[in-house]
Amino acid sequence: MDSKPSRAVCPGSFDPVTNGHLDIISRASRLYDEVIVMVSINLAKRGLFTVEERVDLIREVTKEYGNVTVDSFRGLTVDYCKSHDIPVIVRGLRAVTDYDYELQIAQMNHRMSGVETLFMATAPDYSFLSSSLMKEVVKWGGDASGLVPELVHQRLIERLKDD
Ligand code: ADP
């Protein structure tokens, strides 16, 4: 029997983490021994939050899950997987609009490395939810309840108040 712990990575921008992300992360944490949430560093795209801030927020809101850790990485996700001995990437699928893009990346990743991608269907409550939409809603004082953790809501308000 294989005694190695099963590991998966949930990669993304998480600018900032939403309840849609958390739903996927928590469900993945029930399927794998260890889940690593990896914030990808994209120097070409300036986010609302720095990578360090995003990592700290995710750490704070996932601390109740004992098997979830948070990291950041600049480069190909499959290279991160290789160096951390992770065979599976978990990605959330919201709607058909996610599908073409996700399929292309999953196939490229598999071709490059053999790393598998597991798609998890979003909970219907979150299928319309994205980080960019949350920034817009909070910026204009819209109702964010139930869509982002309270801590994230507060940070969004602070960050967007002078925008
Ligand atoms: P990226 O820029 O890599 O797409 P995101 O932070 O937007 O990063 O998303 C990270 C992951 O979380 C992706 O797999 C994405 O499909 C998933 N995701 C984002 N929002 C939701 C949601 N509302 N429900 C389920 N999965 C989601």
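Q: Why does F14 count as buried in this predicted model?
A: The relative accessibility of F14 is 5%. Buried means under 20%. F14 therefore counts as buried.

Q: Where is F14 found, and what is notable about its phi?
A: F14 is found in the loop between β1 and α1. Its phi is near 50 degrees, a positive value in a residue other than glycine.

Q: What makes the pair formed by F14 and the ligand a polar contact?
A: A backbone N or O atom of F14 lies 2.9 Å from an oxygen atom of the ligand. The cut-off for a pair of N or O atoms is within 3.5 Å. The F14 pair therefore qualifies as a polar contact.

Q: How do you know that H21 makes a polar contact with the ligand?
A: A polar side-chain atom of H21 lies 3.1 Å from an oxygen atom of the ligand. The limit is within 3.5 Å, so the H21 pair counts.

Q: Which ligand atom pairs with L129, and why is this called a polar contact?
A: A nitrogen atom of the ligand is 2.9 Å from a polar backbone atom of L129. That distance is within 3.5 Å, so the pair is a polar contact.

Q: How much of the ligand's accessible area does the protein cover?
A: On its own, the ligand has 550 Å² of accessible area, and the protein covers 86% of this. The ligand sits in the largest pocket.

Q: How many residues surround the ligand, and which are the closest?
A: The ligand is surrounded by 13 residues. S13, F14, G92, T122 and Y126 are the closest. By class, the shell has five nonpolar, six polar and two charged residues.

Q: Which element gives the most to the shell around the ligand?
A: Helix α1 does, with three residues. β1 (7-12), α1 (19-31) and β4 (88-93) each supply at least two.

Q: What makes the bond between D15 and P16 a cis peptide bond?
A: Omega is about 0 degrees for the bond joining D15 and P16. P16 is found in the loop between β1 and α1.

Q: Why is D85 called partly exposed?
A: D85 has 44% relative accessibility. Buried is under 20% and exposed is over 50%, with partly exposed in between. D85 therefore counts as partly exposed. D85 lies in the loop between α3 (77-84) and β4, and its phi is near 55 degrees, a positive value in a residue other than glycine.

Q: Why does V138 count as buried?
A: V138 has 8% relative accessibility. The limit is under 20%, so V138 is buried. Its place is in helix α5 (residues 131-139).

Key. Residues numbered from 1 in each chain as written. Predicted model: local features only at pLDDT ≥ 70, side-chain atom pairs only at ≥ 80, totals over all residues. Heavy atoms only, no water. Near = heavy atom within 4 Å. Polar contact = N/O pair within 3.5 Å; in protein donor to acceptor, adjacent residues only side chain to side chain. Areas by Shrake-Rupley, 256 points an atom, 1.4 Å probe, with all protein chains shown as cover. 1 Å grid on protein atoms, 1.4 Å probe; cavity = no way out; pocket = protein on both sides within 12 Å on 5 of 7 lines; lining within 4 Å. Sits in = over half its atoms within 2 Å of the grid points. Helix = DSSP H or I, 4+ residues; strand = E, 2+ residues; numbered from the N terminus. Nonpolar A, V, L, I, M, F, W, Y, C, P; charged D, E, K, R; others polar. Buried < 20%, exposed > 50% of the residue type's maximum accessible area, 1.4 Å probe, protein only.
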